[in-house]
Amino acid sequence: MSDPIFERIAIVGAGLIGSSIARAATAYGAAGSVSLYDASDDVRARAEGLDLGNVTATLADAVQDADCVILCVPVGALAPVAKAAVAHMKPGAILTDVGSVKKQAAEALISADNGAVLIIPGHPIAGTEQSGPEAGFPTLFKGAWHILTPQDGKDAVYADAVQKLTDFWTALGAKVETMDPARHDRVLAITSHLPHLIAFNIVSTAFDMETVEEGEVVKFSAGGFRDFTRIAASDPVMWRDVFLNNKEAVLECLGRFSEDLAALQRAIRWGDGDFLMQEFTRARTIRKAVIDAGQDSGAVNFGRNQNGVKDGG
Ligand SMILES: NC(=O)c1ccc[n+]([C@@H]2O[C@H](COP(=O)([O-])OP(=O)(O)OC[C@H]3O[C@@H](n4cnc5c(N)ncnc54)[C@H](O)[C@@H]3O)[C@@H](O)[C@H]2O)c1
Ligand SMILES: O=C(O)C(=O)CC1(C(=O)O)C=CC(O)C=C1
């Protein structure tokens, strides 16, 4: 096996993503050693039994010798955790994160900058609805995108560190791309955040409907609704923080979504089968394009022009 990308990494937050990174970094030789810290006594105790690396009693113990510190905590916890980590990190070490929102996460990390560490936010576009250290697995990042959002105007200073992080995530099986944080947040608002919001909402609407018993919802939920319940089972803390920290982009998408939904509602009310056929047929081609592309970037023009307006509309 070739030399590890980092001699020592530290992971703060030993849940689904943190434990997956620990497993993958060891399995694929991307780190010489892994130390982990989690604020929860219970999670630390469970992580110790899972052979993820050296689980430490304090944050300082985990990060002080690390060449790269990866924050795997909910987005709302990033600012204080980054500040606490930076205080104990060695000069020249890299600080990164995996938060699902990047503009606020970058601001949280940068607010901790002491000028001695190299801050490069990141986000693996891979996950599941599970959480906790037992839920992680080493192949989670295989074939998935990992987005890095280096700070504007600091390319020269951070070039080596960006390359190291790129090599690290590539070793874990990911495809790495750099992006502006605000753009990341607009793209993820529609591809990840809105779908989760819709899933949370449809599941709660179904359980609130007076015309169906809860038992019937469970009993007859095959196919479509069942898929929504998987997404809606995702961690509430994580998703609360995503929506609180990507407010503008999510509200923008939600506005567009509500208009499109109203158009479908109108078509159903007025029996406009042609409109329904047109929309459902287009959706089917998009599904095919997404599957064909796998997790490839291949820009799919979802029948909209560059201004985001529906072609022909
Ligand atoms: N779950 C996904 O699908 C997914 C995918 C990509 C990115 N992310 C991002 O990864 C991060 C972690 O998500 P996860 O799914 O691993 O969640 P998780 O709940 O499985 O793990 C988070 C861990 O962070 C710990 N933690 C919370 N506050 C802390 C603090 N102040 N100090 C130290 N530890 C603390 C918790 O105890 C928990 O063990 C989030 O920012 C999320 O947005 C999640
Ligand atoms: O596959 C899932 O279950 C996920 O929710 C993963 C998923 C997503 O695709 O929306 C969720 C949040 C992320 O930040 C990245 C990936």
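**Helix α7 and the ligand shells**

Helix α7, which spans residues 181-208, is kinked by about 55°, with the kink centred on A189. The model described here is predicted. A189 is also one of the buried residues of α7, a set that further includes P181, H184, D185, L188, H193, L197 and A199. An α-helix has 3.6 residues a turn, so residues three or four places apart point the same way. The buried residues of α7 pack against several elements: the helices α5 (103-110), α9 (223-232), α10 (236-245) and α11 (247-269), together with the strands β7 and β8.

Two ligand shells were examined. Around ligand 1 there are 27 residues, of which G13, G15, S100, G127 and S131 are the closest. Helix α1 (residues 16-27) supplies the largest share of this shell, namely three residues. By class, the shell around ligand 1 is made up of 15 nonpolar, ten polar and two charged residues.

Ligand 2 is surrounded by S100, I125, A126, G127, T128, E129, S192 and S234. The shell around ligand 2 comprises two nonpolar residues, five polar residues and one charged residue. S100 and G127, listed for ligand 2, are also among the closest residues to ligand 1.

The loop between β7 (122-124) and β8 (145-148) contains A144. This residue, A144, counts as partly exposed because it has 18 C-beta neighbours inside 10 Å, whereas 20 or more are needed for a residue to be buried. Between A144 and R266 the separation is 122 residues in sequence and 38 Å in space, taken from C-alpha to C-alpha.

Note on methods. Residues numbered from 1 in each chain as written. Chains lettered and ligands numbered in written order. Predicted model: local features only at pLDDT ≥ 70, side-chain atom pairs only at ≥ 80, totals over all residues. Near = placed C-beta within 6 Å. Helix = DSSP H or I, 4+ residues; strand = E, 2+ residues; numbered from the N terminus. Nonpolar A, V, L, I, M, F, W, Y, C, P; charged D, E, K, R; others polar. Buried ≥ 20, exposed ≤ 12 C-beta atoms within 10 Å, placed from the backbone. Bend = angle between axes of the 7 residues up to and from the residue. Contact = placed C-beta atoms within 7 Å.
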